[in-house]
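Biologist: Could you take me through the salt bridges of this chain, with a close look at the pairs themselves and at how far each partner is covered or open to solvent?

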Amino acid sequence: MTADRPPANASALLHNSRGEYLLHLRDDIPGIREPGAWSLPGGGREPGDRDLEDTVRRELREEAALEPGPLEPFAVVHTTDDDGSALPVQIFTGQWDGDPGALPLTEGVMLRWFAPEILPRLRMSPVTRDVIRRHTAPTAPAPDGAARPDTPRTITSAPRTGRPPVPHATLGVGIILHGPDGVLLGRHRRGTVELPGGAVEPGEPLTRTVVRKLAEETGLTAHEDGVQLLGLLLDTAAGTTRATVAALVTSWDGEPADQPGETVGDWRWHRPDALPDGLFVPSAQCLTLWRPGLPIGHPPAHRYPLRPGRGR
């Protein structure tokens with residue numbers, strides 16, 4: 001049977017210390033396998049390759065000058081060859097913590113890190129999606145064999161990129177609007193879910209930043225006297241210190257709508273007890289500063305709460 005052929009192709013399932021997976025966006029042109037889809041980097045064995053690990057290392061080196069550390073065989077999957085037959089592919093897994101944006105890519109469109117929560121929204125083959133799901137699955141059950149029904153599910157957070165923020169964006173605001181329908185969240189074009197907010201302009205008061213960014217991103221109108229600064233959050237992003245001020249807006253006018261030229265849109269209200277996965281890290285940190293009991297998982301931050309009426 002064709003499914004019993006030994007693998008002659010190999011792909012790399014690379015992950016980083018943040019639990020993200022490296023995916024390769026293929027060219028959207030006819031004549032190639034999975035055009036325009038996100039896939040695992042790899043390729044076919046050539047005569048000079050000693051084994052399939054040698055194959056996948058050569059492919060990574062040729063396509064992106066990527067030199068990973070130790071690789072381990074993970075699984076053999078079957079995709080479809082050009083003639084319709086089953087094509088076995090050996091998957092190797094390993095950790096790499098580099099910046100894919102700095103690699104000299106010679107094939108395809110781009111390499112990018114993605115958190116597992118983002119994968120269902122990406123175009124990829126069912127085989128690729130399944131092998132990542134298998135890798136992320138827990139290796140052992142909970143001690144009692146099942147999750148306790150009274151334990152809340154932890155909402156995940158996901159950074160937008162592994163690159164440090166640009167200098168003017170190291171101080172920003174995260175804006176919490178809590179209305180009858182919940183908390184307002186939008187989706188960044190890179191996939192993360194986040195609060196309205198953004199960078200503070202030079203010399204700009206924080207409350208004015210809140211009012212400006214809310215209007216720029218959502219079209220909502222607020223006033224500085226309706227802004228409450230909740231606290232300052234300090235963390236590190238790719239070696240750069242990042243400061244975020246969490247702000248609660250208590251009154252506003254209008255309905256949220258996507259704004260031309262903005263990178264965040266698809267604004268929706270979410271109940272605090274039903275927040276989506278894939279929150280942008282500073283947004284997740286702002287939400288747990290606002291409500292410490294929210295079951296949101298995110299990297300730690302130094303917190304400096306502000307008393308009401310202070311910090312304007």
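What follows is a walk through the salt bridges, pair by pair, with their surroundings.

Modeller: Please keep in mind that this is a predicted model. The chain has four helices and 15 strands, and buried residues make up 45% of its 312 residues. Its accessible surface comes to about 16,000 Å², with 52% of that belonging to carbon and sulfur atoms. Among contacts with a separation of 6 or more, 66% are between residues 24 or more positions apart. Against that background, the structure holds 18 salt bridges, and I will take some of them in turn.

One of them joins the side chains of Glu20 and Arg18, with a distance of 2.5 Å from N to O. The two partners can be set side by side by their accessibility: Glu20 counts as buried because its relative accessibility is 4%, which is under 20%, whereas Arg18, at 44%, counts as partly exposed.

The pair formed by Arg212 and Glu204 is also a salt bridge, and its closest N and O atoms are 2.7 Å apart. Here Arg212 is buried, and Glu204 is buried as well.

In helix α2, which covers residues 126-136, Asp130 and Arg133 lie three residues apart, or about one turn of the helix. These two residues form a salt bridge in which the closest N and O atoms are 2.5 Å apart. Asp130 is partly exposed, with a relative accessible area of 28%, and Arg133 is partly exposed too, with a value of 48%; both fall in this class because neither value is under 20% or over 50%.

Helix α2 is also the place of Thr128, and the accessibility of this residue can be set beside that of the charged pair. At 8% relative accessibility Thr128 counts as buried, because the limit for that class is under 20%. Leaving aside residues up to four places away in sequence, Thr128 touches Glu34, Trp38, Ser39 and Leu40. Helix α2 therefore holds a buried residue, Thr128, as well as the partly exposed Asp130 and Arg133.

Finally, salt bridges in this chain can also be joined into a network, and one such network links Glu46, Asp49, Arg58, Glu59 and Glu62. Of these residues, Arg58 is the one that can supply the nitrogen, because a salt bridge takes its nitrogen from Lys or Arg and its oxygen from the carboxyl group of Asp or Glu.

Terms used: Residues numbered from 1 in each chain as written. Predicted model: local features only at pLDDT ≥ 70, side-chain atom pairs only at ≥ 80, totals over all residues. Heavy atoms only, no water. Salt bridge = Lys/Arg side-chain N within 4 Å of Asp/Glu carboxyl O. Buried < 20%, exposed > 50% of the residue type's maximum accessible area, 1.4 Å probe, protein only. Helix = DSSP H or I, 4+ residues; strand = E, 2+ residues; numbered from the N terminus. Contact = heavy atoms within 4.5 Å. Areas by Shrake-Rupley, 256 points an atom, 1.4 Å probe, with all protein chains shown as cover.
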